[in-house]
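Subject: Structure for your review

Dear colleague,

Please find the structure below, followed by an account of its packing and ring interactions.

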Amino acid sequence: MINLKKIAILKPHSPFFFSYLIRFFRLFLSFKLWNFLLYGVLLILVLWMSYALGNIVIYEGEIIPRDIMAIKTVEIVDVKATEELKNNLLMNMMPVYRIDEKRVKEGKGEYGRFFEELGKIRLTPANTITLEIKDGFCRTWKITPRVFGWMISASNDHYENVKNIFLTTMDQFLTEPIREGKLEEKIFEANAEIERMDLSIEEIRVLDILITRFFRPNAVIDVIQTEIQHSRMLREIEPVKRLIQKGQVLLKKGNVATSNDIEALQAIGMASEEYEFSLFLSLAIIILFIIVFEFFYIRKFASEIYEKNSQLLIRILTVVGIISLNAISLRFSWYMTLLSAIPLVLYPLLGRNLALCESLIIMPLLIWGERADFLRMFYIYVNLFLPLFFLDRTIKRRDLIQAGFWVAMVNVILSF
């Protein structure tokens with residue numbers, strides 16, 4: 001059985017539902033909705049391109065265009081300081097030395113021939129040792145005539161004692177590496193040890209001369225062990241770290257970007273595709289909320305403009321065009337701002353309410369895009385809102401000139 005009462009209840013509501021649906025589709029297909037969407041898209045593009053809200057594209061050696069602050073607190077490795085630490089330690093670290101058996105063998109062969117020739121001369125009768133033989137031996141082995149004379153004339157016991165002490169001392173000291181810079185120190189140690197022995201002055205003097213004459217460096221750098229030591233030392237070095245606080249100025253405007261600066265940006269994720277995407281998404285969401293706010297604001301406080309597509313289009317061209325020109329002027333100087341042109345142009349064309357609305361929605365975007373500090377925030381605020389205080393409902397050319405003059409004077413004062 002048909003429920004007539006239910007049909008009677010549905011009939012009055014059905015036309016209302018369809019009429020609401022039709023109005024929605026009309027709004028969706030109208031220029032008004034697409035006007036606001038177009039405005040949002042253009043704001044995203046202009047702010048993204050003008051103020052580089054995405055990836056901080058800075059290369060080593062370039063001039064930093066603005067102050068860049070850290071987005072989070074993080075401890076990073078200071079690569080440059082760590083490398084400097086490693087280089088300093090490597091420069092100051094002594095290489096590993098080893099005994100060069102070839103040099104030891106050559107040294108022993110040299111003073112072995114010395115004693116062999118000296119022994120032959122000792123076997124020669126003293127009256128047959130001419131001055132020529134004496135001078136030739138001294139020049140060849142670079143010893144003094146007095147030492148030569150003592151070693152020729154000394155008894156066998158004294159001679160063998162001095163010879164054995166010399167050979168023992170040489171064998172003792174040649175068992176450890178002796179490098180060039182330590183040669184004098186080792187000669188001094190050997191002579192000091194000889195002087196502590198129970199020997200005559202002449203024997204000590206002869207041994208001092210022989211030690212000084214035949215001592216040679218016997219050390220060479222052990223490349224393999226040196227590399228092992230270097231590697232072990234580098235592994236044990238703790239990297240130099242530095243703490244970056246959130247909000248800290250990483251890169252100062254006007255400075256030249258260094259490799260250390262680029263590494264710091266990469267370490268905190270400010271030079272990555274993820275950071276670029278997050279900033280773009282944040283910008284898009286903020287502009288979406290701003291556009292929705294503007295939509296309801298214009299419908300309520302500037303309904304006469306909402307009904308005129310041409311005036312909505314003028315608003316887009318004015319705001320987007322001035323922001324673009326302002327971005328170009330900021331490349332020359334941060335104080336060459338053109339933001340005051342937004343209210344000065346919109347007020348006489350579209351009224352106070354719309355000029356106020358555009359200043360309200362543009363201000364947070366500019367502050368975020370510029371990463372503005374308090375002074376810059378105030379600078380942006382003055383340029384967007386001060387002209388509204390100097391203009392009356394009935395606008396004349398003189399009023400625009402006067403408002404522009406006072407805004408310019410305030411900007412000059414703020415610049416100083």
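Tyr381 and Phe385 stand four residues apart in helix H17, so about one helical turn separates them; helices (H or I, at least four residues) are DSSP runs, as are strands (E, at least two), numbered from the N terminus. The two residues form a tilted aromatic pair, with 5.1 Å centre to centre and 35° between the planes. Rings of Phe, Tyr and Trp (its six-membered ring) pair if their centres lie within 6.5 Å, and planes under 30 degrees apart count as stacked, over 60 as edge-to-face and the rest as tilted. Phe385 is buried at 8% relative accessible area, whereas Tyr381 is partly exposed at 37%. Here buried means under 20% relative accessible area, exposed over 50% and partly exposed in between (1.4 Å probe, protein chains only).

As to provenance, this is a predicted model, in which local features need pLDDT of at least 70 and side-chain atom pairs count only at pLDDT 80 or more, while totals for chains, interfaces and linings use all residues. Residues are numbered from 1 along each chain as its sequence is written, and side-chain values use heavy atoms, with hydrogens and water left out.

By the ring rule above, there are 18 aromatic pairs. One of them joins Phe295 and Phe296 edge-to-face, at 5.3 Å centre to centre and 80° between the planes. Phe295 is buried, with 14% relative accessibility, but Phe296 is exposed, with 52%. Elsewhere, ring pairs link Tyr111, Phe114, Phe115, Phe137, Trp141, Phe148, Phe166 and Phe214 into a cluster.

Phe214 also has the charged end of Arg213 over its ring, 4.6 Å from the centre. Similarly, Arg122 lies over the face of Tyr159, 4.2 Å from the ring centre. The criterion is that NZ of Lys or CZ of Arg is within 6 Å of the ring centre and within 35 degrees of the ring normal.

Turning to the interior, the largest nonpolar core (buried Ala, Val, Leu, Ile, Met, Phe, Trp, Tyr and Cys residues joined through side-chain atoms within 4.5 Å) comprises 45 residues, and Tyr39, Leu43, Ile362 and Leu384 have the most contacts inside it. Helices that each supply at least two residues of this core include H2 (31–51), H12 (273–301) and H17 (374–390). H16 gives the most, with nine residues. Beyond its neighbours within four places in sequence, Tyr39 is in contact (heavy atoms within 4.5 Å) with residues including Ile291, Arg315, Val319, Glu358 and Ile362. A second, separate core of 36 residues includes Phe114, Ile143, Val147 and Ile152.

Yours sincerely
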